[in-house]
Amino acid sequence: MTAISCKALCRTFQQGEVKITGLDQVTIDIDDGEFVCLSGPSGSGKTTLLNAMGGLDTPDSGQITVNSQRIDHLSKGEMADMRLHKIGFVFQAYNLIPVLTAQENIEFVMQVQGVPATKRHIKSLEVLKEVGLEGAADRLPSQLSGGQQQRVAVARAIVSKPTLILADEPTANLDTKTASQLMDLFVELNRHHKITFVISTHDQRIMTYARRLIKMQDGKIISDEKLSSAIQ
Amino acid sequence: MQTPIKTITILAWRNLWRNYRRTFIMLAAITVGAWAMIFMTALMRGMVDEMIKDGIRSLPGHVQIHHPLYRDDPSITNSLSAPSKQLLTALKQDDVIAWSTRVRVPAVISSERDSRGIILVGIDPVAERSITNTADNISEGRFLTDKLDNGLVIGAALAKRLDTQPGKRVVVMSQDPDNEIADRGFRIVGLYQATIEAMEENTIYAARDTVQKLLKMGDQISEVVILGKDYRDVSTLTENIKSAAANDTEVLPWQELDTYLGTMLKVMDGFVFVWIVVIFLALSFGLANTLIMAVFERVREIGLMQALGMRPSGILYQFMLEAFFLLTIGLGIGNIAAVASIKPLESGIDLSVVAEGMAMMGAGSTLYPALYISDIILANIIVIILGLLTSLVPAWRASRYDPVEAITKT
Ligand SMILES: Nc1ncnc2c1ncn2[C@@H]1O[C@H](COP(=O)(O)OP(=O)(O)O)[C@@H](O)[C@H]1O
Ligand SMILES: [Mg+2]
């Protein structure tokens with residue numbers, strides 16, 4: 001099944017007099033269970049594409065279908081609900097709400113979804129274990145390392161089983177070792193739970209994890225290939 | 001999906017203590033503001049209460065019954081018959097603390113030195129004691145003893161004007177029902193003092209039966225004066241008396257009998273309101289600033305929460321709730337502080353240092369703060385409502401952030 005399908009997405013930004021192209025006729029389909037890397041130099045449109053896919057930003061034209069629901073003309077509130085139920089986000093930094101503990105951060109999404117407390121507690125502890133942070137449940141984000149914070153963010157993203165997880169340069173602020181550990185975690189989650197990942201990066205080493213590598217430049221997709229040599 | 005209230009409450013509460021120094025400063029400001037609202041209002045109320053009570057005690061009582069034309073022409077022709085059986089029953093009810101009948105007519109008093117136009121009041125000295133305080137303010141001599149007393153009690157200021165004193169005789173002259181001159185010599189038996197000097201100069205007291213005899217009016221009277229339980233709430237009493245009194249009489253509460261005192265109470269209510277709002281306005285700048293700072297500091301997490309699927313309303317409520325916590329905690333402490341600082345003062349604050357000026361305004365030299373629950377409630381409601389309105393602007397702004405811009409904000 002198709003997790004997300006984008007057709008002819010265009011997005012331009014107006015900066016004073018200048019028109020900047022963010023996306024230029026981008027068309028892609030991503031199937032359930034895929035592990036996709038979105039690569040390209042800085043400014044190539046990766047973030048713009050991920051934001052459009054995740055319903056954070058609305059493209060000027062084109063169609064986006066998540067789980068067979070058109071999302072490109074939803075209202076603000078409907079868009080929020082779509083993100084809440086179908087998308088898991090992992091950003092480059094500042095992923096966590098500072099006043100909530102690791103476990104509470106994971107429960108946050110479920111809380112907004114209206115999941116009952118007991119179920120929330122069980123599930124949040126389960127995913128904390130999955131990302132290797134069973135001992136850190138009661139720590140505040142400020143008491144966690146950068147790598148740990150990203151793991152909590154990943155746990156939160158997967159906890160309510162969204163259609164797909166969008167990670168925008170999740171390793172950019174991490175050292176090499178921590179970065180590869182996080183990528184290992186992504187690969188494992190993808191393998192064991194069939195979770196769909198779209199991960200943007202401009203780091204060569206990260207791309208080696210990809211089973212499908214999409215390259216972007218100037219807002220266009222310049223190549224889209226399946227790789228069999230990916231680290232598994 | 002609307003964010004559950006519990007989630008919003010936890011976020012608002014923890015965020016409140018995040019920058020605890022700023023929170024404490026704001027709490028201190030709200031506390032001091034609430035204290036000032038309630039404390040100062042209690043002082044002002046106490047002052048005005050004293051003036052009004054004093055005013056009421058010096059003559060009008062709470063409700064009076066008159067001949068319908070008496071207030072326009074307070075002459076002997078516009079008098080009433082003695083209270084009927086029906087009225088007497090009403091006057092025995094629980095809501096009547098005390099009542100009395102009076103003859104009150106314009107007259108002229110003459111000493112051997114001078115003469116002046118005054119109001120001659122014929123009273124029942126025993127009943128009158130529980131309604132007015134003249135008997136307690138005798139500065140020389142004695143007050144009247146009973147309905148048949150032949151003596152005359154005049155104000156100390158009037159005695160000075162007439163150059164007379166207790167023990168001396170004066171002549172009081174008025175008109176009888178046939179418009180004939182009725183006059184009589186009285187011996188001054190006592191002088192009284194009043195907080196309002198004009199009163200001291202123009203009101204003299206004699207026994208009611210003596211005056212009735214002098215004016216040949218039988219047992220006719222000028223007015224029935226009634227004292228109820230609470231001067232602030234006389235409407236029921238007025239209605240009860242009205243339905244028991246004869247049809248061709250006029251029954252009025254003190255506010256209408258003494259429009260000056262009545263207006264004073266209304267002006268005071270308005271003044272309390274303005275005072276509370278003014279203090280709030282001073283607070284509102286601090287409150288708005290605190291919230292704007294909080295919104296600025298948290299732009300990224302606002303974006304994050306929205307990206308994760310919290311609707312803008314969830315963000316709005318979060319900041320509103322934070323403001324609500326701030327307001328209620330500040331008000332709570334402020335209320336306690338105000339009550340705690342007023343209670344010990346309720347036995348009276350000695351103002352003898354500035355008493356001269358106060359006396360001119362009709363107040364005593366001791367100030368009794370008056371803490372009204374209604375004033376406390378008013379202050380709290382105003383602060384909460386206006387406080388939330390003030391918070392609405394920063395909270396609304398916070399909820400309008402575009403998640404993409406908010407997250408990428410550096
Ligand atoms: N809000 C914006 N306003 C103006 N230009 C923008 C905005 N967001 C992105 N752009 C521009 O769009 C292009 C693509 O940006 P982006 O998607 O962030 O690239 P990447 O994530 O690959 O580095 C860049 O040229 C960038 O400057
Ligand atoms: Mg980017």
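**Close-up views of a predicted two-chain model**

**View 1. A:Val112 and its contacts.** With a relative accessibility of just 1%, A:Val112 counts as buried, because anything under 20% gets that label. Keep in mind for every view here that this is a predicted model. A:Val112 belongs to helix 3 of chain A. Which residues does A:Val112 contact, leaving aside its neighbours within four places in sequence? In chain A the answer is A:Leu84, and from chain B there are B:Met1, B:Gln2, B:Thr3, B:Pro4, B:Gly309 and B:Met310. If you want a distance to check, look for A:Phe91: it is 21 residues from A:Val112 along the chain, and their C-alpha atoms are separated by 19 Å.

**View 2. Helix 3 and helix 5 of chain A, side by side.** Stay with helix 3 (residues 102-113) of chain A and find helix 5 of chain A: the two pack at an angle of about 25°, and their axes are 8 Å apart. So helix 3 of chain A counts as roughly parallel to helix 5 of chain A, since the limit for that label is an angle under 35 degrees. Helix 3 contributes A:Ala102, A:Asn105, A:Ile106, A:Val109 and A:Met110 to the contact, and helix 5 contributes A:Val152, A:Ala155, A:Arg156 and A:Val159. Sort those residues by class and you get seven nonpolar, one polar and one charged. The crossing of helix 3 past helix 5 in chain A is right-handed.

**View 3. A:Ala157, a buried residue of helix 5.** A:Ala157 sits in helix 5 (residues 146-159) of chain A. Is A:Ala157 buried or exposed? Its relative accessible area is 5%, so A:Ala157 is buried. Skipping neighbours within four places in sequence, A:Ala157 has contacts with A:Gly88, A:Phe89, A:Val90, A:Pro162 and A:Ile165. From A:Ala157 to A:Val127 you would count 30 residues in sequence, and the gap in space is 9.9 Å, C-alpha to C-alpha.

**View 4. A:Asp138, out in a loop.** Here the spotlight is on A:Asp138, in the loop between helix 4 (117-130) and helix 5 of chain A. A:Asp138 has a relative accessible area of 62%, so it is exposed. Still, A:Asp138 has contacts beyond its neighbours within four places in sequence: A:Thr101, A:Gln103 and A:Gln143. A:Glu104 is another landmark, lying 34 residues from A:Asp138 in sequence and 8.2 Å from it in space, C-alpha to C-alpha.

**View 5. A:Asn67 and A:Ser68, a pair with positive phi.** Most residues other than glycine have a negative phi. Now look at A:Asn67, which isn't a glycine but has a positive phi of about 55°. A:Ser68 also goes positive, with phi near 60°. Where is A:Asn67? It lies in the loop between strand 4 (61-66) and strand 5 (69-70) of chain A, and A:Ser68 is found in the loop between strand 4 and strand 5 too. As for accessibility, A:Asn67 is partly exposed at 29%, whereas A:Ser68 is exposed at 66%.

**View 6. The nonpolar cores.** In soluble globular proteins, nonpolar side chains tend to be buried together. In this model, the largest nonpolar core has 54 residues, and A:Leu49, A:Met53 and A:Phe108 have the most contacts inside it. Which helix gives the most to this core? That's helix 11 of chain B, with five residues. Zoom in on A:Met53, and among the residues it touches, not counting those up to four places away in sequence, you will find A:Ile4, A:Cys6, A:Ile28, A:Leu166 and A:Val198. A second, separate core has 53 residues, including B:Ala36, B:Leu261, B:Tyr372 and B:Ile382.

**View 7. Helix 11 meets helix 12 in chain B.** Helix 11 (residues 299-307) and helix 12 (residues 312-342) of chain B have axes 9 Å apart and pack at an angle of about 140°. That angle makes helix 11 of chain B oblique to helix 12 of chain B. B:Ile302, B:Met305 and B:Gln306 make the contact from helix 11, while B:Pro312, B:Ile315, B:Gln318 and B:Phe319 do so from helix 12. This contact includes five nonpolar and two polar residues, but no charged ones.

**View 8. B:Asp375, tucked into a buried spot.** B:Asp375 is part of helix 14 (residues 373-399) of chain B. B:Asp375 has 7% relative accessibility, so it counts as buried. Beyond its neighbours within four places in sequence, B:Asp375 is in contact with B:Thr41, B:Arg45, B:Val272 and B:Ile276.

Definitions and conventions: Residues are numbered from 1 along each chain as its sequence is written. Chains are lettered from A and ligands numbered from 1 in the order in which they are written. This is a predicted model: local features need pLDDT of at least 70, side-chain atom pairs count only at pLDDT 80 or more; totals for chains, interfaces and linings use all residues. Side-chain values use heavy atoms; hydrogens and water are left out. Helices (H or I, at least four residues) and strands (E, at least two) are DSSP runs, numbered from the N terminus. Buried means under 20% relative accessible area, exposed over 50%, partly exposed in between (1.4 Å probe, protein chains only). Contact means heavy atoms within 4.5 Å. Axes are lines fitted to C-alpha atoms, for helices over the stretch in contact, and angles run from 0 to 180 degrees between N-to-C directions. Angles under 35 degrees count as roughly parallel, over 145 as roughly antiparallel, 65 to 115 as roughly perpendicular and the rest as oblique. Ala, Val, Leu, Ile, Met, Phe, Trp, Tyr, Cys and Pro count as nonpolar, Asp, Glu, Lys and Arg as charged, and the others, Gly among them, as polar. A crossing is left-handed if the near helix is turned anticlockwise from the far one by less than a right angle, and right-handed if clockwise. A nonpolar core is a set of buried Ala, Val, Leu, Ile, Met, Phe, Trp, Tyr and Cys residues joined through side-chain atoms within 4.5 Å.
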